[in-house]
Structures are given as structure tokens and as C-alpha cells.
Amino acid sequence: MTLQIICLLIGAVLPYLWFGVSLRYTKLQLGSIDLDAPRLQAARLTGAGARARDAQHNAWEALVLFGVANVTALVAGVEPTGHWALAAVLWVSARLLHGGFYIVGMALMRGLCFAIGVAMSLWIFGLALAVDLDL
């Protein structure tokens, strides 16, 4: 179970990583960071800065699905080693690459990583369902 906890922790930190990248672009593009209205300012970002902001938002969305999948697997009693561990590591790898590809503007690779991440979450759900149905 330690591996899944580490993967969830990495997934929880990723949005903050992409936020940090977007702050760098905010300073570069807009000169300073507006602490009074940061979301309004972020809406003015373009290019890599806007993509970094979007990568942050997408990381939050992906974390929800991955988190629920892992809780479901835990409750169902899925063996934490084997396929569940593999799916979790592949999810983290895909999500790290997703954000990087998002920021540099490699849409096809970003989309592939997104699909792999979703597939890994769905795989974990499938593992839980298989245990629950005693398959």
C-alpha cells in the first residue's frame, strides 16, 4: 500500500508544481503577480503560461478520478502489489509527462498521456470490481 500512497502524494503535489510553473510565466509575461486577483491575472496568460495554468487545473481533475479509484480498490480489498501497483506507477508517469507536454505545447503527446492516465484509473476500478464480484 505504500506505493499507492506515494503515488497519491505525487498526484496531490502535481497541481502545485504546475502552479509554480504558471507563476514563473506570470512574472515573465505580466511583470508581477497580482495577489489581490490572481485568477483574473491568470486569465490574461498566453502560450506556455496559459498551458501551465491549464495543466494545473487538469491535474486536479485527474487526481479526483485516481483518488476515488484507489479508495475503491482499498475498500474492495484489491491486493496492493501487482496490477494495482503497476497501474498507480503508470498513472504517475503519464501525469508527469502530461503536464510537461501540456506546457511545451505537444498536444498529441499530451492527449496520449491523458488517455493513459484515465485508462490506469479505470483499470484500478476494474480491479476493484473484479475482487468485489469475485472474478
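Here are four short exercises with worked solutions on the predicted model shown above.

Before starting, note that residues are numbered from 1 along each chain as its sequence is written. In this predicted model, local features need pLDDT of at least 70, side-chain atom pairs count only at pLDDT 80 or more, and totals for chains, interfaces and linings use all residues, while side-chain values use heavy atoms, with hydrogens and water left out.

**Exercise 1. The overall layout**

Task: Work out how many helices and strands the chain has, and what share of its residues is buried.

Solution:
- Step 1. Start with the elements: helices (H or I, at least four residues) and strands (E, at least two) are DSSP runs, numbered from the N terminus. The chain has five helices and zero strands, giving the order α-α-α-α-α from the N terminus on.
- Step 2. Turn to the dimensions: the C-alpha trace spans about 60 × 30 × 20 Å along its principal axes.
- Step 3. Apply the burial cut-offs: buried means under 20% relative accessible area, exposed over 50%, and partly exposed in between (1.4 Å probe, protein chains only). Of the 135 residues in the chain, 36% are buried.
- Step 4. Look at contacts, meaning heavy atoms within 4.5 Å. Among contacts with a separation of 6 or more, 72% join residues 24 or more positions apart.

**Exercise 2. Two residues of H1 and a loop partner**

Task: Decide whether threonine 26 is buried or exposed, and find out what its side chain reaches.

Solution:
- Step 1. Threonine 26 sits in helix H1 (residues 2-30). Its relative accessible area is 5%, so threonine 26 is buried.
- Step 2. Its side chain reaches the backbone oxygen of serine 22 at 2.8 Å.
- Step 3. Leaving aside neighbours within four places in sequence, threonine 26 is in contact with Gly31, Ser32, Ile33, Gln41 and Leu45.
- Step 4. Follow one of these partners: isoleucine 33 lies in the loop between H1 and helix H2 (38-42). Isoleucine 33 counts as partly exposed because its relative accessibility is 33%. With the same kind of neighbours left aside, isoleucine 33 contacts Leu23, Thr26, Lys27 and Gln41.
- Step 5. Now take tryptophan 18, also placed in helix H1. Tryptophan 18 is buried, since its relative accessible area is 8%. Not counting residues up to four places away in sequence, tryptophan 18 touches residues including Ala52, Ala59, Arg95 and Ile103.

**Exercise 3. How H3 meets H4**

Task: Find the angle at which the axes of H3 and H4 cross, and which kinds of residue form their contact.

Solution:
- Step 1. Axes are lines fitted to C-alpha atoms, for helices over the stretch in contact, and angles run from 0 to 180 degrees between N-to-C directions. The axes of H3 (residues 47-76) and H4 (residues 83-104) come within 8 Å and cross at roughly 170°.
- Step 2. That makes H3 roughly antiparallel to H4 (angles under 35 degrees count as roughly parallel, over 145 as roughly antiparallel, 65 to 115 as roughly perpendicular and the rest as oblique).
- Step 3. The contact of H3 with H4 involves 15 nonpolar, four polar and three charged residues (Ala, Val, Leu, Ile, Met, Phe, Trp, Tyr, Cys and Pro count as nonpolar, Asp, Glu, Lys and Arg as charged, and the others, Gly among them, as polar).

**Exercise 4. Inside H5**

Task: Identify which residues of H5 are buried and what covers them.

Solution:
- Step 1. In H5 (residues 107-132), the buried residues are Cys113, Gly117, Met120, Ser121, Ile124, Leu127 and Ala128.
- Step 2. Their cover includes H3 and H4.
- Step 3. Just after H5, aspartate 134 takes a positive phi of about 60°.

Terms used
Polar contact = N/O pair within 3.5 Å; in protein donor to acceptor, adjacent residues only side chain to side chain. Expected span 1.5 Å × (residues − 1).
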